[in-house]
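Have the sequence and the 3D view open side by side as you read. We will go through the helix packing, then the core, then a few individual residues.

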Amino acid sequence: MGLLNLASSASQWRGYDYYKAGKVKSYHKTDDDKYEGQVNGSDGACYQVKIDLAHPRSSQCNCPHAAGKRIVCKHMVALYFHIFPKEAENFYREVIEAAEKAEEEQEQLEFAVIDYVEKMNKVELQQAFLQMLFEGPDWQFERFVRYNLREYDGLFE
Ligand SMILES: [Zn+2]
């Protein structure tokens with residue numbers, strides 16, 4: 001698995017932000033697939049980051065989150081994106097595309113629900129409506145009573 005895939009989605013995003021904010025101060029290639037760099041932290045600290053693309057779990061960072069552990073932190077991701085800007089663009093585009101797809105699916109679902117409701121007859125609508133009133137949240141039931149059955153309004157004081 002690649003370095004990016006080993007990072008949590010939170011670390012991917014934070015790493016992308018760090019990269020965009022220019023927190024990678026410097027880097028150099030130390031070997032085939034190995035890079036070393038300095039990345040600024042959020043607290044003004046500067047971390048020593050080593051990434052190994054052939055063996056991503058061997059990557060190192062001396063931040064509190066990653067020090068001594070075999071995890072991929074946001075500083076490693078930031079360094080990776082800094083060295084490979086095309087990967088940063090791909091990451092961003094994929095995330096945006098996934099969000100757009102989810103939005104599209106949600107919209108389709110809403111249209112399907114509208115379509116379904118428009119085809120329901122009166123009895124079906126009454127049953128569905130009553131079910132929502134009695135099984136839905138209390139505020140919904142109370143609002144219905146307040147608007148339509150004012151003589152019972154006092155029960156909710
Ligand atoms: Zn780190």
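Are α2 and α3 roughly parallel, roughly perpendicular or oblique to each other? Keep in mind as you look that this is a predicted model. In general, two packed helices are described by the angle between their axes and the distance between the axes. For α2 and α3, the axes come within 7 Å and cross at roughly 50 degrees. Angles from 35 up to 65 degrees fall outside the parallel and perpendicular ranges, and α2 and α3 are therefore oblique to each other. Their crossing is right-handed.

Now zoom in on the residues that make this contact. On the α2 side you will find Ser11, Gln12, Arg14, Gly15, Tyr16, Tyr18 and Tyr19, and they meet Lys74, His75, Val77, Ala78, Phe81 and His82 in α3. By type, the residues of this contact are six nonpolar, five polar and two charged.

Helix α2 also packs against α4, this time at an angle of about 130 degrees and with the axes 11 Å apart. These two helices are therefore oblique to each other as well, but α2 passes α4 in a left-handed crossing. Here Gln12, Tyr16 and Tyr19 in α2 meet Ala88, Phe91 and Tyr92 in α4. The residues of this contact divide into five nonpolar, one polar and no charged.

Next, the interior. In soluble globular proteins, nonpolar side chains tend to be buried together. The largest nonpolar core in this model has 24 residues, and Met76, Val77, Ala78, Leu79 and Tyr80 touch the most other members. At least two residues of this core come from each of α1 (3-6), α2 (9-20), β2 (34-40), β3 (46-52), α3 (74-83) and α4. The most come from α3, which gives six. Follow Tyr80 outwards and, leaving aside residues up to four places away in sequence, you will see that Tyr80 touches Leu3, Leu4, Ile51 and Glu87.

Finally, travel along α4, which spans residues 85-118. Glu94 is found in this helix and is exposed, because 10 other C-beta atoms lie within 10 Å and the cut-off for exposed is 12 or fewer. Between the C-alpha atoms of Glu94 and Gly136 there are 37 Å, for a separation of 42 residues in sequence. Ala112 is found in α4 too, and Ala112 counts as exposed because it has 10 C-beta neighbours inside 10 Å. The C-alpha atom of Ala112 is separated by 53 Å from that of Tyr27, 85 residues apart along the chain.

How values were computed:
Residues numbered from 1 in each chain as written. Predicted model: local features only at pLDDT ≥ 70, side-chain atom pairs only at ≥ 80, totals over all residues. Helix = DSSP H or I, 4+ residues; strand = E, 2+ residues; numbered from the N terminus. Buried ≥ 20, exposed ≤ 12 C-beta atoms within 10 Å, placed from the backbone. Core = buried A, V, L, I, M, F, W, Y, C linked by C-beta atoms within 7 Å. Contact = placed C-beta atoms within 7 Å. Axes fitted to C-alpha atoms, helices over the stretch in contact; angles between N-to-C directions. Parallel < 35°, antiparallel > 145°, perpendicular 65-115°, else oblique. Left-handed = near helix turned anticlockwise from the far one by under 90°. Nonpolar A, V, L, I, M, F, W, Y, C, P; charged D, E, K, R; others polar.
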